[in-house]
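Please work through the following exercises with the sequence and the three-dimensional model at hand. Each task is followed by a solution in steps.

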Amino acid sequence: MPFKKNTKDSAIAAIASFLTIFILAWLTDNSGFNFLMAPFGATCALVYTLPKAQISQAKNILFGYASASTVSFLLFHFLGYHEAVMALGVGIAVFLMMFERIVHPPAVSIPVFFYYVKPQPEFLLFPILSGCVVIIIAR
């Protein structure tokens with residue numbers, strides 16, 4: 001489905017994306033907790049440009065990130081940090097999201113992100129869960 005040029009909708013999506021990321025950054029800088037990670041920029045692009053699409057719904061955002069993050073933590077914990085484990089994480093995340101009908105493409109990047117960042121388990125709460133909740137409320 002090609003996008004039609006629409007200045008008003010484009011401006012609204014841009015402003016909403018700016019405000020959402022600004023809020024996440026402000027919360028991160030002023031709360032002592034991390035609310036922000038790079039894939040949330042792509043989530044904003046989907047939420048504000050395709051608001052009615054299934055991939056932009058709250059269930060998909062929350063459970064897409066939760067499933068990809070859980071898979072990533074488990075795989076890296078039990079199999080170690082290796083390129084093949086990262087790729088396996090992406091494949092399993094895609095499978096789970098499709099099987100459970102919770103596809104959210106930005107969340108599929110989580111195994112790649114985790115491979116390079118090597119976060120601790122509390123990363124599930126801050127920024128993943130907390131950031132998802134802010135995005136869902138903001139939309």
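The exercises below treat helix packing, backbone geometry, burial and a surface patch.

This is a predicted model, in which local features need pLDDT of at least 70 and side-chain atom pairs count only at pLDDT 80 or more, while totals for chains, interfaces and linings use all residues. Residues are numbered from 1 along each chain as its sequence is written, and side-chain values use heavy atoms, with hydrogens and water left out.

**Exercise 1. Two helix pairs**

Task: Determine how H2 and H6 are oriented to each other, and do the same for H4 and H5.

Solution. Step 1: locate the helices, which are DSSP runs of H or I with at least four residues, numbered from the N terminus. Helix H2 covers residues 39-49 and helix H6 covers residues 125-138; helix H4 spans 83-100 and helix H5 spans 110-117.

Step 2: take the axes, lines fitted to C-alpha atoms over the stretch in contact, with angles running from 0 to 180 degrees between N-to-C directions. H2 and H6 pack at about 25°, their axes being 11 Å apart. For H4 and H5, the axes come within 8 Å and cross at roughly 150°.

Step 3: apply the classes: under 35 degrees is roughly parallel, over 145 roughly antiparallel, 65 to 115 roughly perpendicular, and the rest oblique. H2 and H6 are therefore roughly parallel, and H4 and H5 are therefore roughly antiparallel.

Step 4: assign the hand, which is right-handed if the near helix is turned clockwise from the far one by less than a right angle, and left-handed if anticlockwise. The crossing of H2 and H6 is right-handed, and H4 also passes H5 in a right-handed crossing.

**Exercise 2. Backbone geometry**

Task: Describe the peptide bond between Phe126 and Pro127, and state the phi of Arg101 and of Lys118.

Solution. Step 1: Phe126 lies in helix H6, as does Pro127. A cis peptide bond joins Phe126 and Pro127, with omega of about 20°.

Step 2: Arg101 is in the loop between H4 and H5 and has a positive phi of about 60°, although it is not a glycine. Lys118, in the loop between H5 and H6, has a positive phi of about 55° and is not a glycine either.

**Exercise 3. Buried or exposed**

Task: Classify Ala68, Ser56, Arg101 and Phe126 by accessibility.

Solution. Step 1: recall the cut-offs: buried is under 20% relative accessible area, exposed is over 50%, and partly exposed is in between (1.4 Å probe, protein chains only).

Step 2: Ala68, in helix H3 (residues 58-79), has 0% relative accessible area and is therefore buried. Ser56 sits in the loop between H2 and H3 and is likewise buried, because its relative accessibility is 0%.

Step 3: Arg101 is exposed, because its relative accessible area is 60%. Phe126, at 30%, counts as partly exposed.

**Exercise 4. A nonpolar patch**

Task: Which residues form a nonpolar patch on the surface?

Solution. Step 1: the patch consists of Ile15, Phe18, Leu19, Phe22, Ile23 and Trp26, which together have about 640 Å² of accessible area. Patch residues have over 30% relative accessible area and no salt bridge; nonpolar side chains (Val, Leu, Ile, Met, Phe, Trp, Tyr) are joined within 5 Å and like charges within 9 Å. A salt bridge is a side-chain nitrogen of Lys or Arg within 4 Å of a carboxyl oxygen of Asp or Glu.

Step 2: Trp26 is found in helix H1 (residues 7-31). Trp26 is partly exposed, with a relative accessible area of 47%.

Technical notes:
Accessible areas come from the Shrake-Rupley method with a 1.4 Å probe; for residues, only the protein chains shown count as cover.
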